[in-house]
Amino acid sequence: IQPFMQGTMSENEYASSCQEEAKKIADGSFGPTFLVAIGFQINIEAEEHLGFQKSFLGVEGHAARIKKKSNAMSNNFKIVGAGIKAASAGRKVFKEVENAQKTALKDQQKDKSVIEVGTGGEVHHGDDEDGKTQDQLEAEQAMLAAKRLEDSLPVILELAWAINTRDISRTLKKACKKLFTDAGVDLDMRAKRANALKILGTQFLNVGKSSGGLTSQVHDKDSIKARAEVAVMTTMAKAQGQEVSENDMEELIKQQKQMSAEMKKDREFDEGDGNVKS
């Protein structure tokens with residue numbers, strides 16, 4: 001906001017620069033979602049300050065404060081709800097894996113008893129009725145656990161995002177308070193700061209909404225998985241001294257999602273072909 005505060009930029013020029021910055025952020029990972037969260041909080045803080053200063057009896061300031069408190073309560077309810085969902089998903093994963101282990105153990109014990117009776121007491125350890133070894137059974141159980149955890153990723157990230165949104169709101173609230181209560185400047189300068197932040201918040205919020213920021217981006221498990229894999233590869237590349245830009249990361253994510261989709265189709269085809277042959 002410094003160029004606008006110093007008068008080197010007109011209001012229209014400043015608004016255009018804020019919009020350009022918002023568009024850059026929107027192109028990044030979860031950019032639109034961040035823009036909506038940041039834009040709303042900056043906007044409402046500025047509205048509250050200006051409302052108390054300029055409206056009759058501070059009516060607009062009180063209205064903004066009520067809106068801000070309502071949003072804070074909504075975020076807290078989201079955290080509670082997401083926490084319950086995450087806990088429920090975790091228990092469900094644990095129960096399914098535990099049931100799979102119990103079923104595999106029963107099948108092994110049943111198979112051993114059949115072999116003992118059929119062979120006159122000779123026992124062949126390590127294989128179940130389908131000829132699977134203990135290692136194979138453990139590998140299948142590990143794959144089941146990984147698959148169930150992968151399915152639970154959106155719920156876990158929903159909780160993480162709810163907490164992240166609350167942290168963003170609190171941080172911006174404290175930052176704006178410092179700007180609006182700065183004793184080193186007069187009231188007119190504080191009002192100008194609030195106006196500059198209102199323009200910034202409005203542009204962020206508008207660009208975020210138009211880019212789909214109101215739609216949750218944490219429920220696409222394939223996208224989440226692709227981003228996590230690319231994040232690991234990017235970290236390794238940077239550790240080796242390679243430069244990886246934001247555009248490179250987005251392109252890698254797209255390629256990773258395409259590869260995952262093709263692999264999924266191949267697995268479904270192989271499973272279907274196997275069913276036909278059997």
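**Salt bridges, rings and a surface patch**

Lysine 68 is buried, since its relative accessible area is just 12% and buried means under 20%. That value, like everything else here, comes from a predicted model. So what does the side chain of lysine 68 meet? It meets the side chain of glutamate 45 in a salt bridge, with 3.4 Å from N to O. This pair links distant parts of the chain, as lysine 68 belongs to helix α4 and glutamate 45 to helix α3, 23 residues apart. Glutamate 45 is buried too, because its relative accessible area comes to 6%. In general, side chains of opposite charge can pair when their charged atoms come close.

The story doesn't stop with that pair. Glutamate 48 makes a salt bridge with arginine 65, and here the closest N and O atoms are 2.6 Å apart. Glutamate 48 sits in helix α3 and arginine 65 in helix α4, so this pair ties together parts that lie 17 residues apart in sequence. Glutamate 48 counts as buried because its relative accessibility is 7%. Arginine 65, on the other hand, has a relative accessibility of 35%, so it counts as partly exposed. Put the four residues side by side and a network appears: Glu45, Glu48, Arg65 and Lys68 are linked by salt bridges.

How many salt bridges does a search of the whole structure find? The count is 6. One of them joins aspartate 182 to arginine 193, whose closest N and O atoms are 3.3 Å apart. Aspartate 182 is in the loop between α5 (134–180) and α6 (187–210), while arginine 193 is in helix α6, so the pair ties together parts 11 residues apart in sequence. With a relative accessible area of 27%, aspartate 182 is partly exposed. Arginine 193 is buried, at 14%.

Next come the rings. The structure holds 2 aromatic pairs. In one of them, phenylalanine 4 and tyrosine 14 have ring centres 4.9 Å apart and planes at 20 degrees, so the pair is stacked. Stacked is the right word because the cut-off for it is planes under 30 degrees apart. Again, distant parts of the chain are linked: phenylalanine 4 is in helix α1 (residues 2–6) and tyrosine 14 in helix α2 (residues 11–26), 10 residues apart. Are these two residues buried or exposed? Both phenylalanine 4 and tyrosine 14 are buried.

Phenylalanine 34 and tryptophan 161 make an edge-to-face aromatic pair, with 5.0 Å from centre to centre and 85 degrees between the planes. Phenylalanine 34 lies in helix α3 and tryptophan 161 in helix α5, so this pair ties together parts that are 127 residues apart in sequence. Phenylalanine 34 is partly exposed, having a relative accessible area of 28%. Tryptophan 161 also counts as partly exposed, this time at 22% relative accessibility.

Phenylalanine 4 has one more contact to mention. The charged end of lysine 192 sits over the ring of phenylalanine 4, 5.7 Å from the ring's centre.

Finally, there's the surface. Which residues form a nonpolar patch there? They are Phe56, Leu57 and Val59, and together they have about 380 Å² of accessible area. Leucine 57 is found in the loop between α3 (31–54) and α4 (59–118). Leucine 57 counts as exposed because its relative accessibility is 66%, and the cut-off for exposed is over 50%.

Conventions
Residues are numbered from 1 along each chain as its sequence is written. This is a predicted model: local features need pLDDT of at least 70, side-chain atom pairs count only at pLDDT 80 or more; totals for chains, interfaces and linings use all residues. Side-chain values use heavy atoms; hydrogens and water are left out. Patches are made of residues with over 30% relative accessible area and no salt bridge: like charges are joined within 9 Å, nonpolar side chains (Val, Leu, Ile, Met, Phe, Trp, Tyr) within 5 Å. Accessible areas come from the Shrake-Rupley method with a 1.4 Å probe; for residues, only the protein chains shown count as cover. Helices (H or I, at least four residues) and strands (E, at least two) are DSSP runs, numbered from the N terminus. Buried means under 20% relative accessible area, exposed over 50%, partly exposed in between (1.4 Å probe, protein chains only). Rings of Phe, Tyr and Trp (its six-membered ring) pair if their centres lie within 6.5 Å; planes under 30 degrees apart count as stacked, over 60 as edge-to-face and the rest as tilted. A charge sits over a ring if NZ of Lys or CZ of Arg is within 6 Å of the ring centre and within 35 degrees of the ring normal.
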